[in-house]
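Here is a quick walk through one chain of a predicted model. Have the structure open as you read.

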Amino acid sequence: MWPLSMEWYGDRLDPDYSAKPVGELQAMLNRAGLVGDFWRLEP
Amino acid sequence: MHDAELRYSIYRTFADAGGPPTFAQLVAWCGGSEAAQAALRRLHDAHTIVLDADGAIRMALPFSAVDTGHSVVSGDESWWANCAWDTLAIPAALDIDAAIEATWLDTGEPVDLAIVDGELRHADGFIHFEIPARRWWDDIVET
């Protein structure tokens, strides 16, 4: 979860932060080994 | 103040002060009470922040405005996290080393977790997610 936390939240304090596309967030979960229906962000 | 600037100011306040800005601060930033309330609602609807039932800031993920029993401590500073994941997310967002103050749900024992030199120390244990990812925002406070 630590590498995922850094990816997911590492830029949250950037003045120019903008929400990441769902596909990018899903890729982060995949890289963390969080795969399968439970971890699917979209229906 | 544009919504992006307001978002940043809210997050910066959580980071620097350990909690949300006061309503007076929000009013000053937005140029009035109604403008502040409207801007907060827009940020809430965009899932940028989370408001409580009274319209006050409850979350600016990963920061919590209320004591949740999950804290992150670094030196003299501390922040409340919304959940176990957010106890890791706060040091990540702030790019700091920190100690995590929480208890294991199954034993009630204090966790012995910390970020030291940018690495998670004592990484044993796991975080339990009850709600499927696609439903996290159905009720993010419950999540």
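## A look at chain B

Chain B splits into two domains, domain 1 (3–60) and domain 2 (71–121). Their centres, taken over C-alpha atoms, sit 24 Å apart. Where they meet, 4 residues of domain 1 of chain B are in contact with 5 residues of domain 2 of chain B. On the domain 1 side, that contact is made up of 3 nonpolar residues and 1 polar residue, with no charged ones.

What about the chain as a whole? Chain B has 4 helices and 8 strands. Reading from the N terminus, you meet three helices, then five strands, then another helix and three closing strands: α-α-α-β-β-β-β-β-α-β-β-β. The C-alpha trace of chain B spans about 50 × 35 × 20 Å along its principal axes. The radius of gyration of chain B is 16 Å, which agrees with the value near 15 Å for a compact globule of 143 residues. Of those 143 residues, 31% count as buried. If you take the contacts in chain B with a separation of 6 or more, 34% of them come from residues 24 or more positions apart.

### How two of the helices pack

Now turn to H1(B) and helix H3 (residues 33–45) of chain B, whose axes come within 10 Å and cross at roughly 85°. An angle between 65 and 115 degrees counts as roughly perpendicular, so that is how H1(B) lies relative to H3(B). From H1(B), the residues involved are B:Asp3, B:Leu6 and B:Arg7, and they meet B:Ala39, B:Arg42 and B:Leu43 in H3(B). By class, this contact of H1(B) with H3(B) is an even mix of 3 nonpolar and 3 charged residues, with no polar ones.

### The side facing chain A

How many residues does each chain bring to the contact between chain A and chain B? Chain B puts in 15 residues and chain A puts in 16 residues. On chain B, helix H1 (3–17) and helix H4 (84–94) each supply at least two residues of the side that touches chain A. H4(B) gives the most, with 6 residues. The class make-up of this side of chain B is 14 nonpolar residues and 1 charged residue, with no polar ones.

### Backbone oddities in the loops

A few loop residues deserve a click. One is B:Pro62, which is joined to B:Leu61 by a cis peptide bond with omega of about 15°. B:Pro62 is found in the loop between strand E2 (57–60) and strand E3 (63–64) of chain B.

Then there are two residues with positive phi, neither of them a glycine. Here is where they sit:

| Residue | Phi | Loop in chain B |
|---|---|---|
| B:His47 | about 60° | between H3 and strand E1 (50–51) |
| B:Asp95 | near 55° | between H4 and strand E6 (98–101) |

Are B:His47 and B:Asp95 buried or exposed? A residue counts as exposed if 12 or fewer other C-beta atoms lie within 10 Å of its own. B:His47 has 12 such neighbours, so it is exposed. B:Asp95 has 11 other C-beta atoms within 10 Å, so B:Asp95 is exposed too.

Definitions and conventions. Residues numbered from 1 in each chain as written. Chains lettered and ligands numbered in written order. Predicted model: local features only at pLDDT ≥ 70, side-chain atom pairs only at ≥ 80, totals over all residues. Rg over C-alpha atoms; globule rule 2.2 N^0.38 Å. Buried ≥ 20, exposed ≤ 12 C-beta atoms within 10 Å, placed from the backbone. Contact = placed C-beta atoms within 7 Å. Nonpolar A, V, L, I, M, F, W, Y, C, P; charged D, E, K, R; others polar. Axes fitted to C-alpha atoms, helices over the stretch in contact; angles between N-to-C directions. Parallel < 35°, antiparallel > 145°, perpendicular 65-115°, else oblique. Domains from an automatic or database assignment.
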